[in-house]
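Colleague: Before I use this structure at the bench, could you take me through the reasoning behind the terms applied to its side chains?

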Amino acid sequence: MKIKKYYYIFLLGLFSINAPAQVIGFGGVGTGLQGREWLSYEVGIALGYNFFNNALCGFGGIKLQKFALVSSANLRGSEDNYTGQTTNLWNYPLYGGLRYSLNILEIKKGSEKYIGFFPECRLYFSPLLPHKIIYVENNYPEPDEVMTLESKNMSQWAYAVGGGIYFGNRNDSYIAIKFETSTIDMFESIRSLSSKNDIFDSKGRQYIISLSLYGLICNKKSNNL
């Protein structure tokens, strides 16, 4: 796939640039939608470099996503056959990306603290999508039975675009609010287990709003290009 080639080229370029840069780190928490369903939460961390007067940041990281399934009765549409709660679905995509930070307004003259805007793009790779559902089947008058539905293992490539507002100093640290839309589809593997009209029936994008902290780890000095 071409998208894989671009991902590897990006990583190679990111970690082989021989120029002065800042090493930065950031982490955040978010929530949003997977298709029409609510994603419980996600947490993520990343490391990267600042370039071009610290306006451009190239980074790579990992995040963990949790989707809490509704009751099995709602999931499969039959209270007579399915009861109880299913397991949560988990996804842990790796990602690389670029962010460009643009100062818009200094909060207080001479403070070097700004309100700014940033656009961002990311490329995601999920090594193993959720592929198993566990539920309780009502066998009245017999005891209920724990059942498992499992699909094939599957990985996934996806891309995302987004942007947000930050408060602070892009040369040091700031707090940011970001909105992102991506082609991550947590249900792709288990959709083969889907029955008509349940939550896995149609493919949908992710829409995430998140709050993150960004901070300088160290300055990196090296030879010029």
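What follows is a conversation about aromatic pairs, charges over rings and the nonpolar core.

Modeller: This is a predicted model, in which local features need pLDDT (the predictor's confidence in each residue, from 0 to 100) of at least 70 and side-chain atom pairs count only at pLDDT 80 or more, while totals for chains, interfaces and linings use all residues. Residues are numbered from 1 along each chain as its sequence is written, and side-chain values use heavy atoms, with hydrogens and water left out.

Colleague: Why is the pair of Tyr174 and Tyr214 called stacked?

Modeller: Rings of Phe, Tyr and Trp (its six-membered ring) pair if their centres lie within 6.5 Å, and planes under 30 degrees apart count as stacked, over 60 as edge-to-face and the rest as tilted. By this rule there are 11 aromatic pairs. The centres of Tyr174 and Tyr214 are 4.1 Å apart and their planes are at 10°, so this pair is stacked. Because Tyr174 lies in strand β12 and Tyr214 in strand β13, the pair ties together parts that are 40 residues apart in sequence. Strands here are DSSP runs (E, at least two residues), numbered from the N terminus.

Colleague: What makes Arg99 a charge over the face of Phe118?

Modeller: The rule asks that NZ of Lys or CZ of Arg be within 6 Å of the ring centre and within 35 degrees of the ring normal. Arg99 meets it over Phe118, at 4.1 Å from the ring centre, and the charged end of Arg122 sits over the ring of Tyr95, 4.3 Å from its centre.

Colleague: Which residues form one aromatic cluster?

Modeller: Phe26, Phe59, Tyr95, Phe118, Tyr124, Tyr166, Tyr174 and Tyr214 do.

Terms used:
Helices (H or I, at least four residues) and strands (E, at least two) are DSSP runs, numbered from the N terminus.
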